[in-house]
Amino acid sequence: MHTKLPYAPLFTLLLLLLFLCPEKVLADDFQITDEIVTAYYGPGGDITLPSNAFKVGTTAFLNNTEITSVTIPEGYHTIAEGAFDGCSNLKSVSLPDTLETIEKFAFARCASLESCYLPRHVSSIGNGAFRECHALTFLEIPEITDFIGEGCFCYCDSLDRFSVVSGNTSFCEREGVLFTADMKMLIQYPCGSRAESYTVPAGVETICRNAFTHARSLREVRLADTVRELKSFAFSSCPSLIEIELPASLEHVSEYAFKNVSNLCRVYIKNNAMKIDPAAFIGAPSVVLYGEHGSEAESYARKQNI
């Protein structure tokens, strides 16, 4: 007597496993999972991503020093967090018109990236997306972009001006500097500029995180008497900055605002009640604060042995 095998339940189980397990395709040196490029195993050089995906996955090309150019075909809408972070020999990128989102650190530390045309549908650029792109010379903010993350363009040492497409209602450019459209927030000063002095326009209330980081030529910055806050790392690593006056309108200097400003000598403080974070002047060994007797600045200086 023969035992009847349970073919039907076994077949059903196999089908269920196929549906539950994510699809993985390895073709032409790319790994694709659920239509997302998740890894690359090829020899590098000039590469074109496969057309059967819509997203470059998180850290998909992390620290790949072999690729020199990347072409992303139409259909892709997202470049995920850290996708090309550390691709130090990547010189050029061709982005598709369908691209909408560039997540944080997507192209960070791409030290050889010289230019990057942002397509018109890009609405969001994440924190540090182009951080430490030392060779980047030009970048234009598209018309519909409504989010730019913190420190997005800091340490871009060759970027000497920003450009914003006419009609953008979230951001604007004045004298090559990037602001919110209402001019209340200074987002980024181009640290590749060779100007030795800069005056922050009246109406600006906030100097954003990393706004002037590594602006190597700046010796003097004049803050408008509307500025209320310096965010973290606002003037960090500005080696030529010698002195600055903090206006009476300024209420708060955040942590590391002047970190590693090694030649900063004189800081004139006009608001007696201004709050200063304990770590505001770390790495500024020569700094002297000038303020009123009995002010918060004097108390701060005594506590920090300045």
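Start by selecting residues 171-174 and 177-180 in this predicted model, which are strands β15 and β16, and you will find a hairpin with 2 residues between the two strands. While the turn is in view, pick out E175, which has a positive phi of about 55 degrees. The strands β15 and β16 run antiparallel and are joined by 4 bridges; to follow one of the pairings, select C172 together with F179, its bridge partner in β16.

Next, move along the chain to helix α2, residues 296-303, and colour A297, Y300 and A301, which are buried. These three residues lie on the same side of α2, because the arc they cover around the axis is only 100 degrees. An α-helix has 3.6 residues a turn, so residues three or four places apart point the same way. If you now add β24 (266-269), β25 (275-276) and β26 (288-290) to the selection, you will see what the buried residues of α2 pack against. Turn the view to the face of α2 directed away from its buried side, where the exposed residues R302 and K303 are found. After the helix, stop at N305, which follows α2 and has a positive phi, near 60 degrees.

For the last stop, select T59 in the loop between β5 (55-56) and β6 (67-71). Is T59 buried, partly exposed or exposed? Its relative accessibility is 37%, and T59 therefore counts as partly exposed. Leaving aside residues up to four places away in sequence, show E81, G82 and A83, which T59 touches. Finally, draw a C-alpha to C-alpha distance from T59 to A248, which spans 45 Å in space between residues that are 189 apart in sequence.

How values were computed. Residues are numbered from 1 along each chain as its sequence is written. This is a predicted model: local features need pLDDT of at least 70, side-chain atom pairs count only at pLDDT 80 or more; totals for chains, interfaces and linings use all residues. Side-chain values use heavy atoms; hydrogens and water are left out. Two strands pair if DSSP finds at least two bridges between them. Buried means under 20% relative accessible area, exposed over 50%, partly exposed in between (1.4 Å probe, protein chains only). The arc is that of the directions from the helix axis to the C-beta atoms. Contact means heavy atoms within 4.5 Å.
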